Number of protein chains: 2
Amino acid sequence: MANINENYLKLKAGYLFPEIARRVKVYSEKHPNSKIIRLGIGDVTLPLAPSVVDALVSSSKEMGTPEGFHGYGPEQGYSFLLKAIADNDYAPLGVKLDESEIFVSDGSKCDCGNIQEIFSQDAKIAIGDPVYPVYVDTNVMAGRTGEAGPDGRYANLIYMPSTKENGFQPDFPKERPDLIYLCFPNNPTGTVASKESLKAWVEYAKKNNSIILYDSAYEAFISEPGVPRSIYEIEGAREVAIEFRSFSKTAGFTGLRCAYIVIPKELKGKTKDGQEVSIGQLWSRRHTTKFNGVSYVTQKAAEAIYSPQGKKEIRASIDTYMANAKLIREGLIKAGFDVFGGVNAPYIWLKTPNNLSSWDFFDQLLDKAQVVGTPGSGFGPAGEGYFRLSAFGKKDDVIEAIRRISAL
Amino acid sequence: MANINENYLKLKAGYLFPEIARRVKVYSEKHPNSKIIRLGIGDVTLPLAPSVVDALVSSSKEMGTPEGFHGYGPEQGYSFLLKAIADNDYAPLGVKLDESEIFVSDGSKCDCGNIQEIFSQDAKIAIGDPVYPVYVDTNVMAGRTGEAGPDGRYANLIYMPSTKENGFQPDFPKERPDLIYLCFPNNPTGTVASKESLKAWVEYAKKNNSIILYDSAYEAFISEPGVPRSIYEIEGAREVAIEFRSFSKTAGFTGLRCAYIVIPKELKGKTKDGQEVSIGQLWSRRHTTKFNGVSYVTQKAAEAIYSPQGKKEIRASIDTYMANAKLIREGLIKAGFDVFGGVNAPYIWLKTPNNLSSWDFFDQLLDKAQVVGTPGSGFGPAGEGYFRLSAFGKKDDVIEAIRRISAL
């Protein structure tokens, strides 16, 4: 038998969401008549916007004609989409991007998972805690960590706890990291970073020769003025940061698959003997070697969200979700919970009552209220004692879920 | 600056196809009025089949309704597609697959590139030569090879030359490999392996505890009876082989992106201390952690090729390409070339005349006949002195290309 990559065996049992699915399945089999409300996984529920459907339909028909057929596209993305992204997502923020700095992909999960490949095997990694599990797991698989300890922390990984005590703003690591994963608006806590805070991170990265991997998949949910939507709003960020964006939550593309990353030309890495290397060129090499571009019809669908009508429709969906977030947030506060997030993000983060563990609260909520949420500890050790509810459900379900939780 | 993955710097200048594109661009800029015929890159040219377009259109409309919307799907693929694959691609060959043994992805390039991740860092790799460059490049990036030598061969990689002399059937490696990449019908040579030959490979893999990575992306082009379409037609292959399949060439999905791999339950790897590990489970962990499934509309499109009408339409496209292959093959033979492939594969492989190097013949063909092909040396050192023409062009272009080549 061939030898396997043993780093995989360091991974803790199962990815978070399959484990939730397993517990829910066991419960439903025991209680076949109970109406379970799912506010766990961050999946959208509203249908695709009419503009998006129109674009899918017309580009699909186009693909059925000799003149309109598209085979392999440019791995980096079609120019029409790259331009739409630069013009609509960045230009209004005062951020000027060249099309060659944008790489379209089939999802932020893939981008966040794959980006580590272009860095050194012994790169030191700093991650927020709690955090989207993909950042950690993909570095474990790559062998950049040791085993997980009894506290759930992997050896040789720098954890930056974000808790109520520090206002969910991770402190700078004590040890110098090569790569720093930051996510704002944050999944799972729903909290944001101020311009001052991001400015300090950019300065820190410059001083320490670190690269920031900035996940802003939820920027479309920011409602308060002054909150930065892109790290490139900060001066100097082009020299130290890669940004991840997604159409999944912004435009309900979880089932269509489209995202992108931005790697500015100024961003450089180095070899051990000091030779400078363009990070964008390295990524381009990975992207063209292991990926063959996003479906033409999907890119046409993504382009459609930038039309005036598309923007209006997307805005309406986001407003619907954020109205849910408000209902959850205010309902839980009224019910006496300690609640965070839900203002600039579709996630509500709460402290479990009576110091229950995250999974105990999960089981209790499932058993007593038939509501499914996500245990905070699934996002990292510092998430223990917290719990995430998602605002992506249907309004009636959200109201019923809050009624049930309040009645506990 | 953060340290980079220096293995990337071992890669030879640029992936093959971008280099071809660059030379063609230079030529067209110098000769703006010349009509260039492209038989280089293996991209399809016929439009999507009507059944596929219908499925795309109806599933896109479905995604615009509250009842028909699909968000995150199962990472492994929807059951409707897994079942269609098992029932149509394998059951008729007498191969019984469980749905859990099939993993749908967004392309064979990704699957072939990613599969190496689940194996040991020091796994010894054997590859056919010439071969699809992705197998080699992704192992270089992962650090499993040394530098490339002056002959273009990377150190610490086992090359298995396939040339006219051995009938394009690679010999068994002299040194034991952990992983053996095989591709039949072969890209680029267009040749196939007999049942006896595959049987010998399965026995070899068993005896040497190796795993065969069997790329059969072109099986739909097999026209001769008795040529194996799947390695699982060979007894015992379930214990030693992973199979890669793609909708790209079969159904013209190069611009839609859908493929799959098969990992039988019997396939095991091991840790260095001898613990047995399921390869399917390892891949599942990778797939669920770094990938979020293929678009629902694309999976519905893929399902449509298995309907009676879909099958008829797909067959017609393949017949068109194979008629091109026949034209090229027979035209070149008539013109005095030494020609291989083109019978069970959409690729024609030829010996360059007058012992020209592959790239010299490329430049000559571009300059004198305005025909673009692919230099054999781009597929590996043993491809030097050979040249690939693809049958995916339009019939009129193919006829004109052969006319021009014959006139040289």
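Author: A polar contact is a pair of N or O atoms within 3.5 Å, where one can donate a hydrogen and the other can accept it. Keep that in mind as we look at this predicted model.

Reader: Glad to. How many residue pairs are in polar contact across the interface of chain A and chain B?

Author: The rule finds 36 such pairs, both partners at pLDDT 80 or more. On chain A's side, the elements giving two or more residues include helix H2 (50-63), helix H5 (133-141) and strand S9 (268-270). H8(A) gives the most, with seven residues.

Reader: What makes the pair B:Glu75 and A:Lys109 a salt bridge?

Author: The cut-off is 4 Å between a side-chain nitrogen of Lys or Arg and a carboxyl oxygen of Asp or Glu. B:Glu75 and A:Lys109 have N to O at 3.1 Å, so the pair meets the rule. The count between chain A and chain B is four salt bridges.

Reader: How do you know how much area chain A and chain B bury?

Author: Buried area is the accessible area that two parts lose on being put together, summed over both. For chain A and chain B this comes to about 6900 Å², with 59% of it on carbon and sulfur atoms. In chain A, the residues that lose the most are A:Met1, A:Tyr72 and A:Arg285, together 12% of what that side buries.

Reader: And which residues are in contact, by number, between chain A and chain B?

Author: There are 82 residues of chain A in contact with 82 residues of chain B.

Reader: Now inside chain A. Where do its domains lie?

Author: The domain assignment gives domain 1 as 13-47 + 309-407, and domain 2 as 53-307. Their centres, taken over C-alpha atoms, are 25 Å apart. In contact there are 33 residues of domain 1 and 43 residues of domain 2, and the two domains bury about 2800 Å² between them, 61% of it from carbon and sulfur atoms.

Reader: Why is the pair A:Lys164 and A:Asp338 called a salt bridge?

Author: The side chains of A:Lys164 and A:Asp338 have N to O at 2.6 Å. The limit is 4 Å, so the name applies. Between domain 1 and domain 2 of chain A the count is one salt bridge, alongside 16 residue pairs in polar contact, both at pLDDT 80 or more.

Reader: Which element gives the most to the side of domain 1 that touches domain 2 in chain A?

Author: That is H10(A), with eight residues. By class, this side of domain 1 has 18 nonpolar, 10 polar and five charged residues.

How values were computed:
Residues numbered from 1 in each chain as written. Chains lettered and ligands numbered in written order. Predicted model: local features only at pLDDT ≥ 70, side-chain atom pairs only at ≥ 80, totals over all residues. Heavy atoms only, no water. Contact = heavy atoms within 4.5 Å. Buried area = accessible area lost by both parts, 1.4 Å probe. Polar contact = N/O pair within 3.5 Å; in protein donor to acceptor, adjacent residues only side chain to side chain. Helix = DSSP H or I, 4+ residues; strand = E, 2+ residues; numbered from the N terminus. Domains from an automatic or database assignment. Nonpolar A, V, L, I, M, F, W, Y, C, P; charged D, E, K, R; others polar.
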